[in-house]
Amino acid sequence: MAVRPSDDLGKLTDGFSGEIVRPDDPGYDAARAVWNSMIDRRPALIVRPTGNDDVVAALRFAREQELIVAVRCGGHSIPGLSTCDDGIVIDLSRMRGADVDPERRTASVRGGSLLAELDDAAQAHGLVCPVGVVSHTGVAGLTLGGGMGRLQRQLGLTIDSLLAVELVTADGRVVRASEDENPELFWGMRGAGANFGIVTSFEFQLHPFEGLVTYGTVTHPIERAQELAERFRELVEDGPDELWTSFGMAVGGAARGPTASVSVLHSGSSADAERDLAGLRALEDPFEDSIESKQYLASQRLFDAPMEWGQRFSMKSSFIASLPDALVGDWADQVSRVPNGAEGGFSVWAWGRAIAAVSEEDTAFTGRGAAFWAGAEIAWNDDALDDACRSWARAAADTAAPHATVGRYVNDVTEVGGDVARTIYGDAKYERLVALKREWDPENVFRLNQNIAPWRS
Ligand SMILES: Cc1cc2nc3c(=O)[nH]c(=O)nc-3n(C[C@H](O)[C@H](O)[C@H](O)COP(=O)(O)OP(=O)(O)OC[C@H]3O[C@@H](n4cnc5c(N)ncnc54)[C@H](O)[C@@H]3O)c2cc1C
């Protein structure tokens, strides 16, 4: 529904001190763009609040006008859940910034912040919060779904460092959730958080962290995928918690054809890293071995340019119990079928350790018991490739399906509706989330997410 006459808009402008962008404003097309350029939606209104009062005013206005509400932080949602047709986008990009308390080792982070702001503020005090690997991703979307990153085996998921959230609820109240205040809501915020309100502030526990890490990738021709996968399994099994590692197979970019690779980030001493990575680096004649000492902050920005806004993108992921040779072989075949003109492949991240040290019951996030996270990603620019690339991603997901364990990572799930949310959380947690949704958002105001509908059981 389009927002009608300007007197309707007047009901918002009374109490709202942020920015309002309408379809006939010159900045509208830039304001409605999101990270994945497959998503092309035309909201009736985009508003950029500057604080809690503005968020409350925008939400009240949306409800009065019966507008569907999209909430946006970094705009990275792959299926475009932070925008909509004809409704209102509450875009928190004017609510950014992170304040660190070095004594308590905590960070207070505004609801529209990007990972770079949290990373920079924490490292300025020799501290860190484990977050994702592309610095222009939003703190809110990433955290409310879980938060994977290269420190996850040592420090856990981002939600495992979350101390509290402040949020504007569907009925316009500002509430806090933590282990002590609204603990059941806090449980749900950690994995299904986009369902329960608009988070205006996050409080994180930070951890002491030297800035120097050993980081890089060893890349070989895809014919050596099985050998590399074996080295990867050894690293996962024998390496310390300070070692993050992923195994990948991909095609695209460089003209050298399909490749297999292992990436690492080791946050122990350089001597420990050299010892722990010796087996991986002993494989002869790599195309590339980029492993070297680096500032952690530099490693956090290495994928900012390759993963820049504006590409067409699809992905599927699952948690898997093991990485058998047969699966590596099937994926190698799939890589050879990436449509010409696209870049695509698989990556498998070591899971476990600090992630598994938190009980599956402690948070809504589901999937801590897996051995690996496995994702298939494909990016392209030409819209003529849309169908072929989406079919490739679906076929890729089918390959991993027989190996999948319980749960799915909500932030990677690109299909929406039906029983999708149940497959993400499993039956028991899903029912618990439905009860929570009925309490905090009985009319399903926040439904542009992997939705826990309050009226379904
Ligand atoms: C390039 C790229 C790299 C990525 N890397 C990683 C990674 O390393 N690790 C990882 O775990 N994931 C990663 N992801 C996935 C990422 O976590 C999700 O796409 C996440 O939803 C992005 O958050 P956002 O704030 O940028 O997204 P948005 O599109 O702004 O929002 C995503 C969802 O969160 C909701 N939301 C946003 N802000 C708020 C708020 N303040 N309060 C309540 N709800 C809110 C939105 O309504 C929407 O449903 C990556 C994604 C991309 C595109």
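Here are some short exercises on this structure, each with a worked solution.

The structure is a predicted model, where local features need pLDDT of at least 70 and side-chain atom pairs count only at pLDDT 80 or more, while totals for chains, interfaces and linings use all residues. Residues are numbered from 1 along each chain as its sequence is written, and side-chain values use heavy atoms, with hydrogens and water left out.

**Exercise 1. The shell around the ligand**

Find how many residues surround the ligand, and which elements supply them.

Solution.
- Step 1: Begin with the cut-off: a residue is near the ligand if one of its heavy atoms lies within 4 Å of it.
- Step 2: The ligand is surrounded by 32 residues, and the closest are Val-71, Cys-73, Ser-82, Met-148 and Tyr-409.
- Step 3: Turn to helices (DSSP runs of H or I, at least four residues) and strands (runs of E, at least two), numbered from the N terminus. At least two shell residues come from each of β3 (69–72), α5 (139–145) and β10 (198–205). The element that gives the most is α5, with four residues.
- Step 4: Sort the shell by residue type. Ala, Val, Leu, Ile, Met, Phe, Trp, Tyr, Cys and Pro count as nonpolar, Asp, Glu, Lys and Arg as charged, and the others, Gly among them, as polar. The shell then divides into 17 nonpolar residues, 14 polar ones and one charged.

**Exercise 2. Polar atoms beside the ligand**

Which N or O atom in a side chain is 3.1 Å from an oxygen atom of the ligand? Look for backbone partners as well.

Solution.
- Step 1: The side-chain atom belongs to Asn-411, 3.1 Å from a ligand oxygen.
- Step 2: On the backbone side, a polar atom of Gly-138 is 2.9 Å from an oxygen of the ligand, and a backbone N or O atom of Leu-142 lies 3.4 Å from a ligand oxygen.
- Step 3: Now check the cover. Taken alone, the ligand exposes 960 Å², and the protein buries 94% of that. Accessible areas come from the Shrake-Rupley method with a 1.4 Å probe; for residues, only the protein chains shown count as cover.

**Exercise 3. Two strands and their partners**

Work out which strands pair with β18 and with β12.

Solution.
- Step 1: Two strands pair if DSSP finds at least two bridges between them.
- Step 2: Take β18 (residues 343–350). Seven of its eight residues are buried, where buried means under 20% relative accessible area, exposed over 50%, and partly exposed in between (1.4 Å probe, protein chains only).
- Step 3: β18 pairs antiparallel with β13 (residues 243–251) over six bridges, and Ser-246 stands opposite Trp-349 in β18. Eight bridges join β18 to β19 (residues 372–380), also antiparallel; here Phe-346 faces Ala-376 in β19.
- Step 4: Repeat for β12 (residues 212–221), where eight of the ten residues are buried. An antiparallel pairing of eight bridges links β12 with β14 (residues 259–266), with His-220 opposite Ala-260. Four bridges join β12 to β16 (residues 292–295), again antiparallel, and Val-213 has Lys-294 as its bridge partner there. Two antiparallel bridges connect β12 with β15 (residues 288–289).

**Exercise 4. Cysteines without a bond**

How many disulfides does a search of the whole structure find?

Solution.
- Step 1: A disulfide is a covalent bond between the sulfur atoms of two cysteines. The cut-off used here is a pair of cysteine sulfur atoms within 2.5 Å.
- Step 2: The search finds zero disulfides. Cys-84 is in none, and the nearest cysteine sulfur, that of Cys-73, is 16 Å away.
- Step 3: The sulfur of Cys-129 cannot bond because the closest cysteine sulfur, in Cys-73, is 14 Å away, too far for a bond.
- Step 4: Add accessibility: Cys-84 is buried, with a relative accessible area of 4%, and Cys-129 is buried at 1%.

**Exercise 5. Positive phi**

Is Glu-66 buried or exposed? Ask the same of Asn-444.

Solution.
- Step 1: Most residues other than glycine have a negative phi.
- Step 2: Glu-66 has a positive phi of about 55 degrees although it is not a glycine, and Asn-444 also has a positive phi of about 55 degrees without being a glycine.
- Step 3: Glu-66 sits in the loop between α3 (52–64) and β3 and is exposed, with a relative accessible area of 62%.
- Step 4: Asn-444 is in the segment after α14 (420–440) and is buried, with a relative accessible area of 2%.

How values were computed. Polar contact = N/O pair within 3.5 Å; in protein donor to acceptor, adjacent residues only side chain to side chain.
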